[in-house]
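These are my notebook entries on one structure. I looked up charged side-chain pairs and then one helix packing.

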Amino acid sequence: MLIRQEYTCDVQIFYPIATADRIATRRFIEATVAATFGLQVDDLAARTRGQAPVAFARQVSMYCAHTVLGMSLTDAGMLFDRDRTTAAHACRVVEDRRDDPRIDDVINSVESIILSWVQVVSGIRRRQELGA
């Protein structure tokens, strides 16, 4: 099952919500964020908060799930084994830190990579639905 999401740049995005697709989505976001921040993916998946750079990277992951994929705060938190309030806090922290142009550039890059991936996946899904 796919959910259609209107994105602010007039691109129609279809993102996967099946369990296997949610796992792939989480892994892609974590890999992208970990590579961008120079961290290990396992650090992002840890149950504990971890050091500040790891915690911020995890917050960026939840932020992107919410803003780029249009997931609810509940779904974004669940995607990363956190609750809605943690995802809401993550979004506030990231928005506040975006005032720094360097951080804003990094987050823009992560968002662009995730959006590109979603567009590719959406195109593949549409072709599959059309039987092509």
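How many salt bridges does the structure hold? I found five salt bridges, a salt bridge being a side-chain nitrogen of Lys or Arg within 4 Å of a carboxyl oxygen of Asp or Glu.

Entry 1, source. I note that this is a predicted model, in which local features need pLDDT of at least 70 and side-chain atom pairs count only at pLDDT 80 or more, while totals for chains, interfaces and linings use all residues. Residues are numbered from 1 along each chain as its sequence is written, and side-chain values use heavy atoms, with hydrogens and water left out.

Entry 2, R26 and E30. I looked up the salt bridge between the side chains of E30 and R26 and recorded 2.9 Å, N to O. Both residues lie in helix α1 (residues 19-37), four residues apart, and are therefore separated by about one helical turn. Helices here are DSSP runs (H or I, at least four residues), as are strands (E, at least two), numbered from the N terminus. I recorded E30 as buried, and R26 likewise. Buried means under 20% relative accessible area, exposed over 50%, and partly exposed in between (1.4 Å probe, protein chains only).

Entry 3, R26 and D81. The side chain of R26 also meets that of D81 in a salt bridge, at 2.9 Å, N to O. This pair links distant parts of the chain, 55 residues apart: D81 sits in the loop between α4 (73-79) and α5 (84-97), and R26 in helix α1. For D81 I noted a relative accessible area of 44%, so this residue is partly exposed. R26 has 14% and is therefore buried.

Entry 4, D100 and R102. I found a further salt bridge between the side chains of D100 and R102, at 3.1 Å, N to O. D100 is partly exposed at 22% relative accessible area, whereas R102 counts as exposed at 64%. Returning to the shared partners, I noted that salt bridges join R26, E30 and D81 into one network.

Entry 5, α3 and α5. How do the axes of these helices cross? The axes of α3 (residues 52-67) and α5 come within 8 Å and cross at roughly 100°. I therefore entered α3 as roughly perpendicular to α5, a term for angles of 65 to 115 degrees. Axes are lines fitted to C-alpha atoms, for helices over the stretch in contact, with angles running from 0 to 180 degrees between N-to-C directions. The contact (heavy atoms within 4.5 Å) includes F56, V60 and Y63 of α3 and A87, C91 and V94 of α5.

Terms used:
Angles under 35 degrees count as roughly parallel, over 145 as roughly antiparallel, 65 to 115 as roughly perpendicular and the rest as oblique.
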